[in-house]
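Colleague: Please pick one part of this model and take me through it closely. Start with whatever term I need, then show me what surrounds that part.

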Amino acid sequence: MKKALIIFGGASSEHFVSCVSASYVISHIPTDKYEVVTVGITRDGEWYLYEGDVSLLPEDKWLESGKCTKAVLSPDRKDKSLIVFRDDKIEKIKIDVAFPVLHGKNGEDGTIQGLFELAGIPYVGCDYCSSACCMDKAITNTLADSAEICQAKWLSCIKEEYNDIKDGFLKKAEDYLGYPIFVKPANAGSSVGVSKAVDRASLEKAMEVAFKEDRKVVLEEFIDGFEVECAVLGNFDAKAMSVGQIKPANDFYDYEAKYENDNSELYIPAHISEETIEEVRRAAVRAYTVLGCSGLSRVDFFVTKKDNRVVFNEINTIPGFTPISMYPKLCEHSGIGYSELIDRLFALAEERMYG
């Protein structure tokens, strides 16, 4: 039986979501094929082998369980092990495959992927390079532009640059993008730090909010359209799954609308024509390929209300696996159940590492 390492939590603004996702991933791993090894990372970045009840993962109750033992992942390729510091002794647990159920910084930005590469352990999701590119919205948009993928007009700047040329930059954004303007941290997920600006005052405030999450900020023009999402699965022969549509409870699909407001609605399949659904699926695979993705990603688009144009929005390399998350729901609608999906993701991880 193979040992599957599941890592959750993390030093990220999406720590809470990661814990919820991981609890559902662990609960659906085929136990006849995999023995689960669970590691939790605290908000401060401490690593622990967790040997308690999976139901305690949400709200960080696992930390109070008494079932935590300090541990680290060995970067030595001969080890391929989790090193556990138990009772003043070192214990090594061999790992066959890993799933970093870590959203946001330090989880889907290439950092932990690089550690798995050093360790020689197959891992679920995109490699370190594509993870980093997809995490940084400015890099994602630059690559999409170079591949002539249709997307919103955008600008970016770093905090130091903004402080030097604030008025000039804001004027440039107003002239080029027009109001309303969406302001986003370049490196954050789950819409953390995202704001919709409708005038100069709210634009300045939105910049402040975004800079609290990252030193680089991306500004995008408003697209009057429906938000749709497509699950993509595979390595070099990636396939697009079903397309879902989001009707956010709030003005846009922010963190509160995603995870705290039960009034947001998800439609699978999306309430758009079959022709447009197929266009979204083709565009999703195109973006996935251009950005070098492998394993899985959720690719998000807008479909404009006026003329049904498909406009690329962003790509998420470790999408949510909570009960309300779109990625597993889209795969299930395409005939791949939760447990089968996890099994496939493990197989894809080994395929990429070993060929």
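Modeller: Two strands pair if DSSP finds at least two bridges between them. Keep that in mind, and remember that this model is predicted.

My part is the five-stranded sheet. Its strands come in the order β14-β13-β12-β15-β16, and the sheet is open. The pairing is antiparallel. In general, strands of a sheet pair through backbone hydrogen bonds, either parallel or antiparallel. Now look at the edges. β14, residues 265–267, stands at one edge, and β16 stands at the other. Each has a single partner strand, so one side of each is left without a neighbour in the sheet. The strands are also turned against each other. Between neighbours the average angle is 30°, with direction ignored.

Next, zoom in on β12 and β15. These two run antiparallel, and 10 bridges join them. Strand β15 covers residues 295–304. Find Gly295 in β15: Gly234 stands opposite.

A helix lies over this sheet. Helix α9, residues 274–290, lies across β12, β13, β15 and β16. Against β15, α9 runs at about 130°.

Now use Gly295 as a stepping stone. Ala347 is 52 residues away from Gly295 in sequence. In space, the two C-alpha atoms are 9.1 Å apart. Ala347 belongs to helix α11, residues 338–354. Is Ala347 buried, exposed or partly exposed? Its relative accessible area is 42%, so Ala347 is partly exposed; the partly exposed range runs between 20% and 50%.

Helix α11 leads us to the core. In soluble globular proteins, nonpolar side chains tend to be buried together. Here, the largest nonpolar core has 35 residues. Ile6, Val25, Phe99, Phe321, Leu345 and Phe346 touch the most other members. Several elements supply at least two residues each, among them β12 and β13 from our sheet, along with β1, α1 and α11. The most comes from α11, with seven residues.

Take Phe99 as an example. Leave out residues up to four places away in sequence. Phe99 then touches Leu5, Ile6, Ile7, Val25, Val124, Phe321, Leu345 and Phe346. Another core, of 26 residues, lies apart from the one just described. Its members include Cys230, Cys293, Val303 and Phe312.

Strand β1 also feeds the largest core. β1 is mostly covered, with six of its eight residues buried. β1 is joined to strand β2, residues 34–41, by eight bridges. These two strands run parallel. Gly9 has Ile41 in β2 as its bridge partner.

Back to our sheet, at its β16 edge. Helix α4, residues 137–146, has buried residues: Lys137, Ala138, Thr140, Asn141 and Ala144. Seen down the axis of α4, they fall within an arc of 160°, so they line one face of the helix. A general rule helps here: an α-helix has 3.6 residues a turn, so residues three or four places apart point the same way. What do the buried residues of α4 pack against? They pack against β16, and also against α3, β8, β9 and β11.

Look at both ends of α4. At the N-terminal end, Asp136 acts as the cap. One of its side-chain oxygens lies 3.0 Å from the backbone nitrogen of Ala138. Just after α4, Glu148 takes a positive phi of about 60°.

Asp136 has another partner, Asn187. A polar atom of the Asn187 side chain lies 3.5 Å from the backbone nitrogen of Asp136. Asn187 sits in the loop between β9 and β10. Asn187 counts as buried because its relative accessible area is 17%, and the limit is under 20%. The Asn187 side chain also makes a polar contact of 3.1 Å with the side chain of Asp214.

Finally, compare the other sheet that α4 reaches. This open sheet has four strands, in the order β8-β11-β9-β10, with antiparallel pairing. Its edge strands are β8 and β10, and each pairs on one side only. Here neighbouring strands are turned by 25° on average, direction ignored. Helix α7, residues 200–211, packs on this sheet and touches β8, β9, β10 and β11.

How values were computed: Residues are numbered from 1 along each chain as its sequence is written. This is a predicted model: local features need pLDDT of at least 70, side-chain atom pairs count only at pLDDT 80 or more; totals for chains, interfaces and linings use all residues. Side-chain values use heavy atoms; hydrogens and water are left out. Buried means under 20% relative accessible area, exposed over 50%, partly exposed in between (1.4 Å probe, protein chains only). The arc is that of the directions from the helix axis to the C-beta atoms. Contact means heavy atoms within 4.5 Å. A polar contact is a pair of N or O atoms within 3.5 Å; within protein, one must be able to donate a hydrogen and the other to accept it, and residues adjacent in sequence count only if both atoms are side-chain atoms. A nonpolar core is a set of buried Ala, Val, Leu, Ile, Met, Phe, Trp, Tyr and Cys residues joined through side-chain atoms within 4.5 Å. Axes are lines fitted to C-alpha atoms, for helices over the stretch in contact, and angles run from 0 to 180 degrees between N-to-C directions.
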